[in-house]
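Welcome! Take a moment to turn the model around on your screen, and then let us walk through its parts together.

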Amino acid sequence: MFTFSLTFIRHGETQYNRDKLLQGQGVDTSLSETGLQQAEAVGRYLTDITFNNVFVSNLQRTVQTAEIILRNNTHSSGTEMVLEPLLRERGFGVAEGRPKEDLKKMANAAGQSCRDFTPPGGETLEQVKRRFQKFLKVLFGQMLDEHGRSGPNGSPPADTAIGAAAAASSEVAADDGLRGVSVHVLVVSHGAYIRVAIRHLIENLKCSLPPGSKTSQLLSPCPNTGISRFILTLSQSGSGPVLSAARCVFTNRKDHLETLAAAE
């Protein structure tokens, strides 16, 4: 059995986000000034967590966000950043570059909800889920190959790795869920993709939920640089790695953005 943490972060704001325009995969924009500040804020928030593996969508807005997070990290500044196309945003086809309102109008015209509607040339939610499943298969194999057989290769215990100050914090802390877990994975991706990923973990993989939480809250849209965390336990079978336990610690956390909001 091998347990690790999986932390998802959505990229920082782009001008397209601010203008409520769809980006998908075909519009590859960089972070806005606000987005850069958000990335710095989430980087500082997570500064004491040692990320052993970092996987990033290979679009500009996610790469920029990940670079800033790692630059702010006390332990992981030299960690290799793996650019992973499987983590790209949902493709929105002909709707990319257009206002989100246009997507709603197209969905209404087709008699479908906006969430379930697939514009011409776009990806269905099922296709996005399959991409995430492929990523999980790759991730699980890599985790067992790199860490599962011989332990975390000398990584310090979780309480040491995350820093005494963070460990002493109560209730809402950057290290929530990490005690006793020595291997930490960071994934930097996109809003629609992360929402599909969280839904798959909760509904299909039967992940246990935080006490008192509602599924609707956990599945709500992720804000720019919102943080979500899961604790996953793997075992090895004859056909490869198997997920034997999964726990949701929190989703869509944005405490690190409070100082930015106050400044505005």
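## A hairpin to start with

Before we begin, please keep in mind that this is a predicted model. Our starting point is a hairpin, in which two residues link β5 to β6. Strand β5 covers residues 227-237, and β6 covers residues 240-253.

How do β5 and β6 pair, and over how many bridges? Their pairing is antiparallel, and ten bridges hold the count. You can look for two of the partners yourself: S235 is bridged to V242 in β6, while I227 sits opposite R253 of β6. As a general point, the strands of a sheet pair through backbone hydrogen bonds, in either a parallel or an antiparallel way.

## The sheet around it

Now zoom out a little. The hairpin strands belong to an open sheet of six strands, and reading across it gives the order β3-β2-β4-β1-β5-β6. The pairing within this sheet is mixed. Which strands form the edges? They are β3 (81-83) and β6, and each of them pairs on one side only. On average, neighbouring strands of the sheet are turned by 20° against each other, if direction is ignored.

Helices pack on this sheet too. Helix α3, made of residues 60-71, touches β1 (2-10), β2 (53-56), β3 and β4 (184-189). The direction of α3 makes about 145° with that of β4. Helix α8 also packs on the sheet, where it touches β1, β4, β5 and β6. Its direction makes about 150° with that of β1.

## Two helices that cross

Helix α8 has another partner to look at. The axis of α5 (residues 125-148) and that of α8 come within 9 Å, crossing at roughly 75°. Angles of 65 to 115 degrees count as roughly perpendicular, so α5 and α8 are roughly perpendicular to each other.

Which residues make this contact? On the α5 side they include L125, F132 and F135, and on the α8 side they include Y193, V196 and L201. Sorted by class, the contact of α5 with α8 has nine nonpolar, three polar and two charged residues.

## The largest pocket

Finally, look for the largest pocket, which holds about 820 Å³ of space. It is lined by 30 residues, and those closest to its centre are L22, F92, K100, A192 and R195. The lining is made up of eleven nonpolar, seven polar and twelve charged residues.

Which helix gives the largest share of this lining? That is α8, with five residues. Helices α1 (15-18), α4 (100-109) and α8 (191-204) each supply at least two residues of the lining.

Definitions and conventions: Residues numbered from 1 in each chain as written. Predicted model: local features only at pLDDT ≥ 70, side-chain atom pairs only at ≥ 80, totals over all residues. Heavy atoms only, no water. 1 Å grid on protein atoms, 1.4 Å probe; cavity = no way out; pocket = protein on both sides within 12 Å on 5 of 7 lines; lining within 4 Å. Points joined across faces, edges and corners; volume = space filled by probe spheres on them. Helix = DSSP H or I, 4+ residues; strand = E, 2+ residues; numbered from the N terminus. Nonpolar A, V, L, I, M, F, W, Y, C, P; charged D, E, K, R; others polar. Pairing = 2+ DSSP bridges. Axes fitted to C-alpha atoms, helices over the stretch in contact; angles between N-to-C directions. Contact = heavy atoms within 4.5 Å. Parallel < 35°, antiparallel > 145°, perpendicular 65-115°, else oblique.
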